[in-house]
Amino acid sequence: MNGDSTRETGAAALVPAPRRLSEAALQRIERETKKFPPEQRQSAVIPALAIAQDEFGWLSTETIEEVANLLGMPPVAAYEVATFYHMFHRAPVGRHKLTLCTNLPCMLSGAGRAAARLKERLGIDFGETTADGSFTLVEGECLGACGDAPVLLHNNKRMCSFLDDDGKIDALIESLRVEGAASDGEGGV
Ligand code: FES
């Protein structure tokens, strides 16, 4: 898996520069380091970067450096991890990142059609973000759920399975739009 190729487009580019990690995030990272011997705090770099990304939605150079300092490791080593894994973003992405698997089992089960429908409904291609900053569409590798093909991962956490017809794609997009509107109404992100 290589670095995220998501382009910085639309309203996502207007996301303000990240702040420093919150106290809650620092505590979560500290808890992750406790899973390793004290001299190997850097072994928690992947969960620590994931926690940082949960907080800001992406990983700026400053955030990566902050994580590296917390773990007592060279910033360049943390940067290498952040740029290697597809799940980490080096630029702001939409509120809903949709990663569609396009490996062979998913393609044989309808991922090509799902991709076409997603692109049509969202008006974007792979690697792009909608102008309102709501959705980013990403072409992904095998998500380890081939039996549920075709599959899509929402924000690196929620698996959406058997997306083999347009109605399911439409329903998914609509539910995420509603979810986003409700979150805005609550003053969410
Ligand atoms: S090929 Fe798509 S989840 Fe494995």
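**Notes on a predicted fold**

1. Let's start with helix H1: the elements covering its buried residues include H2 and H3. Helices here are DSSP runs of H or I with at least four residues, strands are DSSP runs of E with at least two, and both are numbered from the N terminus. A residue is buried if 20 or more other C-beta atoms lie within 10 Å of its own, exposed if 12 or fewer, and partly exposed in between, with the C-beta atoms placed from the backbone. Covering goes by contact, where the C-beta atoms of two residues, placed from the backbone, lie within 7 Å.

2. Before going on, keep in mind that this is a predicted model: local features need pLDDT of at least 70, side-chain atom pairs count only at pLDDT 80 or more, and totals for chains, interfaces and linings use all residues. Residue numbers start from 1 along each chain as its sequence is written.

3. How confident is the predictor? pLDDT is its confidence in each residue, from 0 to 100. The chain has a mean pLDDT of 89, and 86% of its residues reach 70 or more. Among the elements, helix H6 (residues 111-122) has the highest mean, 98, and helix H7 (residues 166-185) the lowest, 86. Residues 1-14 have a pLDDT below 50, though this stretch has 38 contacts in the model beyond near neighbours in sequence.

4. Now the overall plan. The chain has 7 helices and 5 strands, and from the N terminus they run α-α-α-α-β-α-α-β-β-β-β-α. Of its 189 residues, 33% count as buried. Take the contacts with a separation of 6 or more: 64% of them are between residues 24 or more positions apart.

5. Back to H1, and which of its residues are buried? Ala 25, Ile 29 and Thr 33 are. Looking down the axis of H1, you'd see its buried residues within an arc of 85° (taken from the directions from the helix axis to the C-beta atoms), so they line one face of the helix. On the other side, Glu 23, Ala 24, Gln 27 and Arg 31 are exposed.

6. Next comes the largest nonpolar core, with 21 residues. Such a core is a set of buried Ala, Val, Leu, Ile, Met, Phe, Trp, Tyr and Cys residues joined through C-beta atoms within 7 Å. The members touching the most other members are Ala 48, Leu 49, Ala 52, Leu 59, Val 67, Leu 71 and Ala 78. Two or more residues each come from helices H1 (23-33), H2 (45-56), H3 (61-71) and H4 (75-84), and H2 gives the largest share, 6 residues. Leaving aside neighbours within four places in sequence, Val 67 is in contact with Ala 48, Leu 49, Ala 52 and Ala 78. There's also a second, separate core of 20 residues, including Ala 115, Leu 118, Leu 122 and Val 138.

7. In what order do the strands sit in the open sheet? It's E2-E3-E1-E4-E5, with mixed pairing. Two strands pair if DSSP finds at least two bridges between them. The edge strands, each pairing on one side only, are E2 (128-129) and E5 (158-160). H6 packs on this sheet, touching E1 and E3, and its direction makes about 155° with that of E1. For that angle, axes are lines fitted to C-alpha atoms, for helices over the stretch in contact, and angles run from 0 to 180 degrees between N-to-C directions.

8. Strand E1 (residues 96-101) deserves a closer look: 6 of its 6 residues are buried. His 96, Leu 98 and Leu 100 are on one side, with Lys 97, Thr 99 and Cys 101 on the other. E1 pairs with E3 (residues 135-140) in the parallel sense over 6 bridges, and with E4 (residues 152-154) in the antiparallel sense over 3. Thr 99 has Val 138 as its bridge partner in E3 and stands opposite Leu 153 in E4.

9. Finally, some backbone oddities. Most residues other than glycine have a negative phi, and most peptide bonds are trans. Here, a cis peptide bond joins Ala 149 and Pro 150, with omega about -5°; Pro 150 lies in the loop between E3 and E4. Asn 156 has a positive phi, near 65°, and is found in the loop between E4 and E5. Phe 162 has a positive phi of about 50° and lies in the loop between E5 and H7.

How values were computed: pLDDT = per-residue confidence, 0-100.
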